[in-house]
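Colleague: Please take one part of this model and describe it closely, together with the contacts around it. I would like a connected account, with the cut-offs stated as you go.

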Amino acid sequence: MKTFVPLLIVLAGATGFGIWFQRTRGEFRKKKTVNGPKLTAAIVGTELGSRATMVQFSSAFCTPCRATKALLEDMVKTMPDVRYAHIDAESHLELVRELNILSTPTTLFLNGAGVEVGRAMGTPKRAQVHTALAAIH
């Protein structure tokens, strides 16, 4: 019985981490301060939206990245004041380091001035994106 106690502790910890990890993927996290670097149209590769711009960082072999790209491209079709930009993380390593992008897909939500006001790591749900965009004035 004593030999199973460490195994049970490890399994309980791994299960707890797995549940937390799954629930936080794709979740929009609002930045507490908005004094980070300003991203311009030249950096993101497209004109910024008048209200918001969603900038997705992804990598070539990332399946969730393709799903996120399809979702965000579809959403901006009905929002004339919101733009979508896609950046290949592998080709822009300096920018990835500067912005502290830790995994792909990561989507930055920029206000009209190009300042990051929040981010979502993983594939966000449509409702999460709507909520994030509604929070941007």
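Modeller: Thr53 has Leu110 of β4 as its bridge partner, and this belongs to an antiparallel pairing in which 6 bridges join β2 to β4. Two strands are said to pair if DSSP finds at least two bridges between them, and the elements themselves are DSSP runs numbered from the N terminus, with helices (H or I) of at least four residues and strands (E) of at least two. The model is a predicted one, in which local features need pLDDT of at least 70 and side-chain atom pairs count only at pLDDT 80 or more, while totals for chains, interfaces and linings use all residues. Residues are numbered from 1 along each chain as its sequence is written, and side-chain values use heavy atoms, with hydrogens and water left out.

β2 also pairs with β3, here in the parallel sense and over 7 bridges; within that pairing, Gln56 is matched with His86. Together with α3, these two strands make a right-handed β-α-β unit, where right-handed means that, with the strands pointing away from the viewer, the path from the first strand over the helix to the second runs clockwise. As for its surroundings, 7 of the 7 residues of β2 are buried (under 20% relative accessible area with a 1.4 Å probe and protein chains only; exposed is over 50%, and partly exposed lies in between). The cover extends to both faces, with Ala52, Met54, Gln56 and Ser58 buried on one side and Thr53, Val55 and Phe57 buried on the other.

Just before this strand, in the loop between α2 (41-44) and β2 (52-58), sits Arg51, whose partner Asp81 lies in the loop between α3 (63-76) and β3 (82-88), 30 residues apart. Their side chains meet in a salt bridge at 2.8 Å, N to O, the term meaning a side-chain nitrogen of Lys or Arg within 4 Å of a carboxyl oxygen of Asp or Glu. Neither partner is fully covered by this scale: Asp81 counts as partly exposed at 24% relative accessibility, and Arg51 likewise counts as partly exposed at 23%.

The search of the whole structure finds 4 salt bridges. One of the others involves the helix of the β-α-β unit, where Asp74 meets Arg126 with the closest N and O atoms 3.0 Å apart. Because Arg126 lies in helix α5 (residues 126-134) and Asp74 in helix α3, that pair ties together parts that are 52 residues apart in sequence. Here too the partners are partly exposed, Arg126 at 38% and Asp74 at 35%.

A contrasting case is the salt bridge between Arg119 and Glu116, at 2.8 Å, N to O, where both residues are buried. Arg119, in strand β5 (residues 116-121), has a relative accessibility of 16%, and a polar atom of its side chain also lies 2.8 Å from the backbone oxygen of Leu99. This is a polar contact, that is, a pair of N or O atoms within 3.5 Å; within protein, one atom must be able to donate a hydrogen and the other to accept it, and residues adjacent in sequence count only if both atoms are side-chain atoms.

Finally, the loop between α4 (93-98) and β4 (106-111) holds Pro105, which is joined to Thr104 by a cis peptide bond with omega of about -5°. Asn100 has its place in the loop between α4 and β4, with a positive phi near 60° although the residue is not glycine.
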